[in-house]
Amino acid sequence: MTRVLIVDDSVFMRKAIALMLAGDARIEVVGQAANGLEGLRMARDLKPDVVTMDVEMPEMDGLTSLRRIMAECPTHVIMISSLTTEGSNAALTALKAGAADVMAKDASHVSLNIVNLKDELIAKVVALGMARRPRRRSGADTLPRPDAGALKFRSGQFDLLAIGSSTGGPPVLESILVGLPNPLGAAVVVAQHMPEIFTKSMAERLARVCKLKVVHAESGMTVERETVYISPGGKNTRLCRAAPGRWRLECGVEPKTLYMPSVDMLFQSAAEVVGGRTLGVVLTGMGDDGVRGAKTLHGKGGVILAQNEESCVVYGMPRAVTINGLTSASLSPEGLLKSIQSMAPMSFGTGQVPARLAG
């Protein structure tokens, strides 16, 4: 039984979330709080498995309450943020501060929107309830990076790095992308399960801190080396052949998949277009999105790495590819970064790597 604490200053939202969760026999709502300060006190006393937390609240806002909870009584926190630019920035800050996941609510259509969140919310709560509790955090918003080994690749071995990520993934993703050298010798395409306004803010944030160019992917974009393409939330991103020796991206809402952007579709298209010169990486997340695409990619000679269980918020997606015998290694975020760095050209910054990918 997963024990949940609901923190929101809206009476309607508290009741709506409680009713949704109470309908699932695997979940027990153990308390409701009207602001971040009350939520912090109840988190200390009740020790819930999962907390749902609003961002904007009186007395103590959700971000402050989150940081206090992670420092004093760590548990899994799902931030429920408004579907606005400000809300998306707050959501990314929350993830870096220790939130396990974020969900978006449309403030202009709350009564309709909250009902549409039901299945997603229940799935996240149940998955987090089964996961190990997070470790206590100090005041610093840094990602714990367990020591682990790394694989050694050949310089220039891959033309494409394809990354799939879900619950708990954004901080890991950032730690990897920030550490990639320029030139890397390959293009990078990321499928992160998040709403589109969140992925757009993520791309803008990463563009400020990464050595590689980072863009929010759009249909028709030509795929280039030394560029990171963040798939838009709510759409699937596929690689397609364009002119001879050129690839492009297609982003669209069809076909519908359970998770959008779909890691399966990204990996499958990479297998078809790039084949064995693809390195696939599967980060923390619930479910098994990516395993079917990884099978196709593995069959084409591509290499797949997975985040190890010890460093995952939810060991779902990495577990799926690992138990199916598709991975070359399961590594910590630091091990994944070291492995990816080894594929870069031997002499960084020579400017001799072609800007566009060869097909």
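Is Arg-26 buried, partly exposed or exposed? The exercises below start from that residue.

The model is predicted, so local features need pLDDT of at least 70 and side-chain atom pairs count only at pLDDT 80 or more, while totals for chains, interfaces and linings use all residues. Residues are numbered from 1 along each chain as its sequence is written, and side-chain values use heavy atoms, with hydrogens and water left out.

**Exercise 1. Classify Arg-26 and its salt-bridge partner by accessibility.**

Step 1. Take the classes: buried is under 20% relative accessible area, exposed is over 50%, and partly exposed is in between (1.4 Å probe, protein chains only).

Step 2. Arg-26 has a relative accessible area of 45%, so this residue is partly exposed.

Step 3. The partner is Asp-24, with the closest N and O atoms 2.8 Å apart. A salt bridge here is a side-chain nitrogen of Lys or Arg within 4 Å of a carboxyl oxygen of Asp or Glu.

Step 4. Asp-24 has a relative accessible area of 13% and is therefore buried.

**Exercise 2. Describe the salt bridges of Arg-248 and Arg-68, and state the total for the structure.**

Step 1. Arg-248 pairs with Glu-250, and their closest N and O atoms are 3.0 Å apart. Arg-248 is partly exposed at 27%, and Glu-250 is partly exposed at 33%.

Step 2. A network formed by shared salt-bridge partners contains Arg-44, Arg-68 and Glu-72.

Step 3. Within it, Arg-68 bridges to Glu-72 with the closest N and O atoms at 2.5 Å. Both residues sit in helix α3 (residues 62–72), four residues apart, which is about one turn of the helix. Helices (H or I, at least four residues) and strands (E, at least two) are DSSP runs numbered from the N terminus.

Step 4. Arg-68 is partly exposed at 33% relative accessibility, and Glu-72 is partly exposed at 31%.

Step 5. The total is 15 salt bridges.

**Exercise 3. Find how many cavities of 30 Å³ or more there are, and characterise the largest cavity.**

Step 1. On a 1 Å grid over the protein atoms alone, a cavity is a set of points where a 1.4 Å probe fits but cannot get out; lining residues have an atom within 4 Å of a point. Points are joined across faces, edges and corners, and the volume is the space filled by probe spheres set on them.

Step 2. The count is one cavity of 30 Å³ or more. The largest cavity has a volume of about 50 Å³.

Step 3. Its lining includes Leu-95, Asp-101, Lys-124, Gln-192, His-193 and Met-194.

Step 4. By class, the lining has five nonpolar, five polar and two charged residues. Ala, Val, Leu, Ile, Met, Phe, Trp, Tyr, Cys and Pro count as nonpolar, Asp, Glu, Lys and Arg as charged, and the others, Gly among them, as polar.

**Exercise 4. Locate the cis peptide bonds at Pro-255 and Pro-261, and the positive phi values of Glu-59 and Glu-226.**

Step 1. Glu-254 and Pro-255 are joined by a cis peptide bond with omega about -5°. Pro-255 is in the loop between β11 (247–252) and α9 (263–273).

Step 2. Another cis bond joins Met-260 and Pro-261, with omega about 10°. Pro-261 lies in the loop between β11 and α9.

Step 3. Glu-59, not a glycine, has phi near 70°. This residue is in the loop between β3 (50–54) and α3 and is exposed at 69%.

Step 4. Glu-226 has phi of about 60°. It lies in the loop between β8 (213–216) and β9 (227–230) and is buried at 13%.

Methods
1 Å grid on protein atoms, 1.4 Å probe; cavity = no way out; pocket = protein on both sides within 12 Å on 5 of 7 lines; lining within 4 Å.
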